[in-house]
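Trainee: Could you take a close look at one part of this model with me, beginning with a single side chain? Please carry on from there to whatever else is worth pointing out.

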Amino acid sequence: IALEAIWEANLGNTASDAQVPQHIRITGEAGHGKTTLTQRIAYQWSQKKLWNDRFTWLLVIPLRDIRDLAPASPSPAGWYAALAQRMKLPISISGTTLQQWLTHRPAEGLLILDGYDEVADLVDQQPNSPITQWLQQRVQTDGLSLLLTSRPHAAFTGLHQPRELHVVGFSQEDITRYVRHYFADKKMPQRGAALCKQLAQNPGLHALSRVPLYVRLLCLLSHSHKPTTLASWNLAQLYTELMKQFFAYATAKREGKSDDAPTPLTDHPMEAAFFARLAWLGMESGAPKLSPALQSTALKPCQKDYPLDNINTRTHWERVQGMGLLQGLTPASAAQPQDHGYFPHLTFQEWWAACYLADSLYLPASHSRHRLVRQVLAEARHAPRYQVMLPFIAGLLYNRCREGSDPKGTGLR
């Protein structure tokens with residue numbers, strides 16, 4: 001379906017498709033490009049190339065950014081002032097402007113809510129929370145066109161006869177075009193042709209490459225690995241190699257070196273321990289935005305287990321922050337976390353959380369972390385928020401068996 005046509009009547013075969021929709025729900029698995037789609041819509045509209053005859057204002061809100069929004073004033077004006085500040089909108093778009101759009105001129109615009117799955121637990125469990133009440137008000141606003149994106153498991157029941165669409169990922173033509181353009185820009189056309197060949201011939205890589213995020217990661221890793229090497233990796237290995245590359249680059253940049261060849265994560269034990277623990281704490285709490293308190297909780301064991309003797313920074317936090325993996329942090333030399341942060345993509349957090357739990361299986365059975373992961377696997381394996389993390393755990397354990405670090409499969413017992 002062409003993006004330009006999704007608001008048209010008679011789009012499909014169902015009764016709801018015969019009408020011009022007021023609400024559209026777009027679902028897609030992790031990494032399939034839901035957020036990228038919302039950014040494309042906003043850009044195309046700003047360039048007067050999409051739906052400008054239909055909408056005079058357009059607002060995109062990443063829901064994880066306002067999950068914990070609690071304005072000082074409970075009034076509508078207080079909410080919209082806090083919303084404008086949290087989203088860091090231009091001065092020309094104030095809280096008053098947002099309130100005018102959404103309460104006095106709703107029929108003129110489009111509200112895009114990105115990532116409902118990242119607030120779904122809050123909406124289900126806390127019906128009186130500010131964000132839950134605000135969402136309910138918006139879906140009940142007459143004339144307001146609303147587009148909501150989410151992973152498939154999270155359904156917002158408040159939508160009014162929504163048109164249901166699904167992001168299916170890249171076609172073979174899309175994959176080839178993306179890879180060739182990527183390597184043409186890098187002046188490496190032969191490497192691009194070799195990767196395209198592997199993606200087309202290898203069933204496992206071809207399945208991965210239908211996901212836009214994974215195509216981008218495969219292109220990035222092709223700088224330091226041959227395409228034939230990539231063909232032997234599973235998804236857990238793909239993320240492992242990406243983190244090796246990321247850590248090596250960050251270390252080389254920090255130390256002023258030109259050599260950024262991938263290094264084992266064991267060369268960065270303190271940072272790896274911090275990110276793994278923080279990712280799990282975030283997954284366990286259901287919070288995509290990682291608060292300073294959560295970051296401090298993850299940091300304390302690192303400060304105890306890894307003394308500063310051989311760390312060329314004043315504080316552990318400076319070294320963690322200097323890796324650049326957590327987004328949303330204000331550059332500073334503070335000794336402790338001060339800002340809410342988040343991983344570049346939710347799958348990054350899910351992979352790090354899987355690392356934390358996989359490592360826990362190698363601890364004594366009496367250890368609290370070992371008991372924790374056993375409980376998660378036994379009791380929470382069907383929880384929607386763990387549906388990407390659990391396959392990562394399986395992949396990490398399998399890779400350790402295959403690579404020889406756990407030849408007897410101790411972690412699988």
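Mentor: Happy to! Arg163 counts as buried, at 2% relative accessibility; the term means under 20% relative accessible area, while exposed means over 50% and partly exposed lies in between, with a 1.4 Å probe and protein chains only. Before we go further, this is a predicted model, where local features need pLDDT of at least 70, side-chain atom pairs count only at pLDDT 80 or more, and totals for chains, interfaces and linings use all residues. Residues are numbered from 1 along each chain as its sequence is written, and side-chain values use heavy atoms, leaving out hydrogens and water.

Arg163 sits in strand β5 (residues 163–166). Strands (E, at least two residues) and helices (H or I, at least four) are DSSP runs, numbered from the N terminus. A polar atom of the Arg163 side chain lies 2.6 Å from the backbone oxygen of Ile6. Arg163 also turns up beside Pro21: leaving aside neighbours within four places in sequence, Pro21 is in contact with Ile6, Trp7, Glu8 and Arg163, contact meaning heavy atoms within 4.5 Å. Pro21 itself belongs to the segment before β1 (23–27) and is buried too, at 9% relative accessibility.

Another buried charged residue to look at is Glu271, with a relative accessible area of 2%. Glu271 is part of helix α12 (residues 269–285). Its side chain is joined to that of Arg319 by a polar contact of 2.4 Å; such a contact is a pair of N or O atoms within 3.5 Å, where within protein one must be able to donate a hydrogen and the other to accept it, and residues adjacent in sequence count only if both atoms are side-chain atoms. The C-alpha atoms of Glu271 and His316 are 8.7 Å apart, with the two positions 45 residues apart along the chain.

Now for helix packing. Two packed helices are described by the angle between their axes and the distance between the axes. Here an axis is a line fitted to C-alpha atoms over the stretch in contact, and angles between N-to-C directions run from 0 to 180 degrees.

Helix α6 (residues 172–185) and helix α7 (residues 189–201) have axes that come within 8 Å and cross at roughly 155°. That makes α6 roughly antiparallel to α7, the label for angles over 145 degrees (under 35 is roughly parallel, 65 to 115 roughly perpendicular and the rest oblique). From α6, the residues making the contact are Gln172, Ile175, Thr176, Val179, Arg180 and Phe183, and from α7 they are Pro189, Arg191, Gly192, Ala193, Leu195, Cys196, Leu199 and Ala200. Sorted by class, that contact has 9 nonpolar, 3 polar and 2 charged residues; Ala, Val, Leu, Ile, Met, Phe, Trp, Tyr, Cys and Pro count as nonpolar, Asp, Glu, Lys and Arg as charged, and the others, Gly among them, as polar. The crossing of α6 with α7 is right-handed: the near helix is turned clockwise from the far one by less than a right angle, whereas an anticlockwise turn would be left-handed.

α6 also packs against helix α9 (residues 212–221), at an angle of about 35° with the axes 11 Å apart. This crossing of α6 and α9 is right-handed as well. Tyr178, Val179, Tyr182 and Phe183 of α6 meet Val215, Arg216, Cys219 and Leu220 of α9, a set with 7 nonpolar residues, no polar ones and 1 charged. Val179 and Phe183 of α6 therefore deserve a look when you rotate the view, being listed in the contact with α7 and in the contact with α9.

In the loop between α8 (203–209) and α9 you will find Val211. Val211 is buried, at 8% relative accessibility, and touches Ala30, Gly31 and His32, not counting residues up to four places away in sequence.

Finally, some backbone geometry. Most residues other than glycine have a negative phi. Lys48, in the loop between α1 (34–46) and β2 (57–62), has a positive phi near 60° and is exposed, with a relative accessible area of 70%. Lys88, in the loop between α2 (76–87) and α3 (95–104), has a positive phi of about 55° and is exposed at 72%.
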